[in-house]
Amino acid sequence: MRTSWLLSKFSFLIILYGVVHIEAFHQTHSSTFNLNQTYKPSFHFQPSKNWMNDPNGPMRYKGLYHIFYQHNPKGAIWSNNSIVWGHSVSKDLVNWFSLQHALTPTKPYDINGCWSGSVTFLSNNRPNILYTGIDKNNHQTQNLAIPKNASDPFLREWIKSPKNPIMLPNIVNKINATSFRDPTTAWIGHHDGLWRVLVGSQQKDNRGITLLFKSKDFINWIQAKYPFYSAKKIGMLECPDFFPVLINGTFGLDTSIKYDHDSIRYVLKVSLIDVSHDYYLIGTYDTIKDVYIPKNGFEQNNNELTLVIRYDYGKFYASKTFYDDAKKRRVLWGWINESSIREDDVQKGWSGIQAIPRTLWLDKLGKQLIQWPIVEIEKLRINPPVKLHSKVLKRGTLLEISGVTAAQADVEISFEVNDLEKAQALNPSWKMDPQHLCTENGSKVKETGLGPFGLLVLASKNMQEYTSIFFKVFRANKKHVVLMCSDQSRSSLNHKNDLTTYGAFVDVNPIYDELSIRTLIDHSVVESFGGQGKTCIASRVYPTLAINDNAHLHVFNNGTVDVKIEKLSAWSMKKAKINEIH
Ligand code: DQQ
């Protein structure tokens with residue numbers, strides 16, 4: 001007993017401090033089908049078993065990264081009264097060690113669940129958790145928890161404040177007590193020294209709102225008269241996130257620092273429960289009047305949301321960022337749900353993963369955010385990669401890229417396209433919905449024009465199964481429009497899975513810009529970044545044949561115009577150590 005304890009502690013130290021950082025690549029090259037193992041990612045974060053949803057309170061403290069997460073320790077499906085805060089730590093954001101649960105339902109104000117929240121560092125540099133508790137009447141309350149021992153870098157134990165609950169829904173604002181949750185990281189106002197925090201909510205008329213609360217001492221909070229942001233008809237607005245970004249530069253910023261307002265913009269992200277997507281707004285923030293003025297917004301057009309941008313056009317929800325002071329960057333975490341049926345999740349014994357953390361900054365034109373997998377993930381790449389240079393892909397080509405573990409890989413590809421005048425014209429009668437265009441223009445369809453061309457991943461030997469990530473270029477007046485698709489429709493012979501095709505436009509000009517895709521393939525996850533991180537699409541797939549060694553990787557061009565692969569690099573990926581049971 002004692003020996004195994006010692007061994008587990010020792011391997012923990014190895015993982016965290018790299019004393020003897022051995023990362024042997026132990027991939028089980030077995031084609032045996034086992035629901036639990038076959039679809040288990042090798043380098044995406046997840047608990048050792050059971051259900052996980054939102055990332056909570058990400059932070060860096062005393063040299064360690066922490067991630068908390070919504071977790072049902074009792075099973076592989078979400079449960080409305082047993083959600084706890086799972087907790088893991090890491091030295092590098094890649095390998096993770098699981099700790100005891102940080103928050104569990106124990107008090108009258110959270111007896112039905114410890115729901116999402118965030119961490120704020122107070123002036124003494126101590127992390128404080130604000131989280132939503134579900135009380136015995138299923139009403140939502142905001143609560144405070146502090147570390148029991150702040151000198152412990154693992155922050156294993158948390159104490160709930162005796163003053164809890166510290167924020168309650170205010171009936172005056174027509175707020176329903178079941179629509180009042182997910183506090184953000186708080187920030188300080190420099191003119192008045194008051195803390196500010198946002199809480200997600202909705203009004204009875206379906207108006208989504210973020211409520212603003214202010215406090216002097218982080219315990220007594222007063223709700224501001226007006227919501228910080230609101231938009232009609234968008235419904236409950238969950239997991240708000242609010243942070244500044246540099247207009248010129250890729251460094252991240254801490255929300256509580258005073259900045260020259262001409263050099264920054266503010267991002268407000270909201271998760272809309274009605275559509276299960278994360279949207280963000282970019283704008284300015286009057287710190288004195290506490291008014292947020294977004295440059296874009298939610299506008300309802302034929303019942304569709306326009307003028308808002310999504311972090312990801314596949315599966316990605318309830319995301320949250322944190323400022324990493326070690327690398328001066330802002331890092332985004334987001335939950336990727338399963339696409340399988342409940343029975344399969346129960347059989348797998350687990351459900352839900354986190355996307356690879358993404359570094360995030362404002363694009364040079366200020367119109368959108370750029371997202372890129374944290375650089376640390378590259379240490380899992382097995383060098384040298386398989387490479388291609390200046391390779392023309394003639395119309396109708398399907399070319400296998402061999403020498404890569406295709407079920408566990410990182411692939412970067414960039415294309416050069418000429419003959420832009422041969423791009424198919426966008427028909428004005430078409431619905432300008434990229435997801436719809438992708439569904440209509442599946443990778444298989446050969447038609448006139450530039451594309452579809454791209455990657456074919458997790459493909460079975462005889463192409464009974466594959467997932468394609470591809471571009472199609474259209475002509476629209478004097479411009480070109482670039483469509484990026486992730487087509488799951490043929491990803492699995494098991495048609496009980498959700499096989500939806502995802503799509504989005506990429507804000508690039510194919511005359512000057514190369515068309516690039518980076519795809520992280522991890523057994524049942526395909527996470528793609530188009531246009532160097534301008535458009536992201538995460539998807540879940542469950543092939544039955546294209547598994548482990550039987551998965552193949554290809555490049556293809558099914559358009560009628562030749563394209564050139566400027567460069568391709570494909571790496572096999574090592575397995576990360578993530579919450580392994582010791
Ligand atoms: N998940 C949590 C809530 C949040 C929702 C409950 C978003 O706090 O609103 O598990 O996925």
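Reader: Let's start with His 87: which residue is its bridge partner in strand 4?

Author: Bear in mind that this is a predicted model. Strand 3 covers residues 84-90 and pairs with strand 4 in the antiparallel sense, over four bridges. In strand 4, the residue that partners His 87 is Leu 99.

Reader: What is the strand order of the open sheet of five strands?

Author: The pairing in this sheet is mixed. Strand 4 (97-103) and strand 24 (350-351) sit at the edges, each pairing on one side only. Reading across, the order is 4-3-2-1-24.

Reader: Moving on to strand 23, how many of its residues are buried?

Author: Strand 23 runs over residues 329-336 and is mostly covered. On one side you've got Arg 329, Val 331, Trp 333 and Trp 335, all buried. The other side has Arg 330, Leu 332, Gly 334 and Ile 336, and those are buried too. So the tally, with buried taken as under 20% relative accessible area, is eight of eight.

Reader: Which residue in the turn of the hairpin of strand 22 and strand 23 has a positive phi?

Author: Strand 22 and strand 23 run antiparallel, joined by six bridges. One of the pairs matches Asp 324 with Arg 329 in strand 23. Four residues lie between the two strands, and the one in the turn with a positive phi, about 50°, is Lys 328.

Reader: And which residue of strand 25 stands opposite Trp 335?

Author: Strand 23 pairs with strand 26 (residues 358-362) in the antiparallel sense over three bridges, and there Leu 332 stands opposite Arg 358. Strand 23 also pairs with strand 25 (residues 353-354), again antiparallel, over two bridges. In strand 25, the residue opposite Trp 335 is Gln 354.

Reader: Now the second largest pocket: what is its volume?

Author: There are 29 residues lining this pocket, and those nearest its centre are Thr 120, Phe 121, Asn 125, Asp 254 and Tyr 323. By class, the lining has 14 nonpolar, nine polar and six charged residues. The pocket's volume is about 640 Å³.

Reader: Which strand gives the most to the lining of that second largest pocket?

Author: The elements that supply two or more lining residues are strand 1 (50-61), strand 5 (114-121), strand 15 (237-246) and strand 22 (317-324). With four residues, the one giving the most is strand 1.

Reader: Is Thr 210 buried or exposed?

Author: Thr 210 belongs to strand 12, residues 208-215. Beyond its neighbours within four places in sequence, Thr 210 is in contact with Val 199, Pro 227, Phe 228, Tyr 229, Leu 237, Pro 240 and Val 270. Its relative accessibility is 0%, so Thr 210 counts as buried.

Reader: Zooming out, what radius of gyration does the chain have?

Author: The C-alpha trace spans about 70 × 65 × 40 Å along its principal axes. For 582 residues, a compact globule would come out near 25 Å, and the chain agrees with that, at 24 Å.

Reader: Last one: what share of the contacts with a separation of 6 or more comes from residues 24 or more positions apart?

Author: For context, the chain has four helices and 40 strands. Of its 582 residues, 60% count as buried. As for those contacts, the share from residues 24 or more positions apart is 65%.

Methods:
Residues are numbered from 1 along each chain as its sequence is written. This is a predicted model: local features need pLDDT of at least 70, side-chain atom pairs count only at pLDDT 80 or more; totals for chains, interfaces and linings use all residues. Side-chain values use heavy atoms; hydrogens and water are left out. On a 1 Å grid over the protein atoms alone, a cavity is a set of points where a 1.4 Å probe fits but cannot get out, and a pocket is an open set with protein on both sides within 12 Å along at least five of seven lines; lining residues have an atom within 4 Å of a point. Grid points are joined across faces, edges and corners, and a volume is the space filled by probe spheres set on the points. Ala, Val, Leu, Ile, Met, Phe, Trp, Tyr, Cys and Pro count as nonpolar, Asp, Glu, Lys and Arg as charged, and the others, Gly among them, as polar. Two strands pair if DSSP finds at least two bridges between them. The radius of gyration is taken over C-alpha atoms; the globule rule is 2.2 Å times the number of residues to the power 0.38. Buried means under 20% relative accessible area, exposed over 50%, partly exposed in between (1.4 Å probe, protein chains only). Contact means heavy atoms within 4.5 Å.
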